[in-house]
Amino acid sequence: MNEESRTNIGTPVPDASHSEELREQVERTRDELGQTVEALAAKADVKAQAKEKAAAAKEQASEKAALMADQIREKAEQAAQLVKEKTPEPVREKTVQAAAQVREGAARAGQYAAEKTPDPLLAKADRAVAFARAHRKPLLAGGAALAAVLLVRRGRGRR
């Protein structure tokens, strides 16, 4: 017997329907394998998982903060109502009158200062206010840094 006849013994002859079934099976296997590889890649992507967990934690913290803010607002309203109920009417009236007097006095003082301040000084003050509004963040950062330096120097001076 020759080599070729021995290898072909017992091997079924493929027909067209059998070949088509094999192709479909191979295609299904490829799809399943692709899905499995994608799932494994997703599990191995630690960075993406960390981002997802961070996003979930951020969302949860935001929800808790909103809930806490609502609770604080509600408690503050309750406290204000309680103070209003417990404060006698004459005291509330005097408080309202005193607040009105303070506002009037502040307005008069501001008007007096504006009348007595020279125009060049007012113009410089307006420019300074405009500059400060335009550069608010750097000025605040500089002020915080200056305060920190002064506190450190003060603390070292006491030793």
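Tutor: A salt bridge here is a side-chain nitrogen of Lys or Arg within 4 Å of a carboxyl oxygen of Asp or Glu, and this predicted model holds four salt bridges.

Student: Why is the contact between arginine 30 and glutamate 27 called a salt bridge?

Tutor: The side chains of arginine 30 and glutamate 27 come to 3.9 Å, N to O, and because the definition asks for a distance within 4 Å, the pair qualifies as a salt bridge.

Student: What separates arginine 30 and glutamate 27 along helix α2?

Tutor: The two are three residues apart in helix α2, which covers residues 16-44, and therefore about one helical turn lies between them.

Student: Is arginine 30 buried or exposed, and what is glutamate 27 called?

Tutor: Arginine 30 has a relative accessible area of 56%, and because exposed means over 50%, arginine 30 is called exposed. Glutamate 27 has 41% relative accessibility, and since the partly exposed class runs between 20% and 50%, glutamate 27 is placed in that class.

Student: How do you know that arginine 73 and aspartate 70 form a salt bridge?

Tutor: Their closest N and O atoms are 3.0 Å apart, which is a value within the 4 Å cut-off, so the pair is counted as a salt bridge. Both residues lie in helix α3 (residues 46-86), three residues apart, or about one turn of the helix.

Student: What makes arginine 73 and aspartate 70 partly exposed?

Tutor: The relative accessible area is 47% for arginine 73 and 43% for aspartate 70; because neither value is under 20% or over 50%, both residues count as partly exposed.

Student: Which helix holds glutamate 89 and arginine 92, and why is their contact called a salt bridge?

Tutor: Both lie in helix α4 (residues 89-116), three residues apart, about one turn of the helix. Their side chains meet at 2.5 Å, N to O, and because this is within 4 Å, the contact is called a salt bridge. Glutamate 89, at 40% relative accessibility, is partly exposed, as is arginine 92, with a relative accessible area of 27%.

Student: What share of the chain counts as buried?

Tutor: Of the 159 residues in the chain, buried residues make up 0%. The chain exposes about 14700 Å², of which carbon and sulfur atoms supply 60%, and its elements are six helices and zero strands.

Student: Where in the chain is confidence lowest, and where is it highest?

Tutor: Confidence is lowest in helix α1 (residues 3-7), with a mean of 50, and highest in α4, at 90, while the chain averages a pLDDT of 85 and 89% of the residues score at least 70. Where pLDDT is low, the predicted coordinates should not be read in detail.

Key. Residues numbered from 1 in each chain as written. Predicted model: local features only at pLDDT ≥ 70, side-chain atom pairs only at ≥ 80, totals over all residues. Heavy atoms only, no water. Helix = DSSP H or I, 4+ residues; strand = E, 2+ residues; numbered from the N terminus. Buried < 20%, exposed > 50% of the residue type's maximum accessible area, 1.4 Å probe, protein only. Areas by Shrake-Rupley, 256 points an atom, 1.4 Å probe, with all protein chains shown as cover. pLDDT = per-residue confidence, 0-100.
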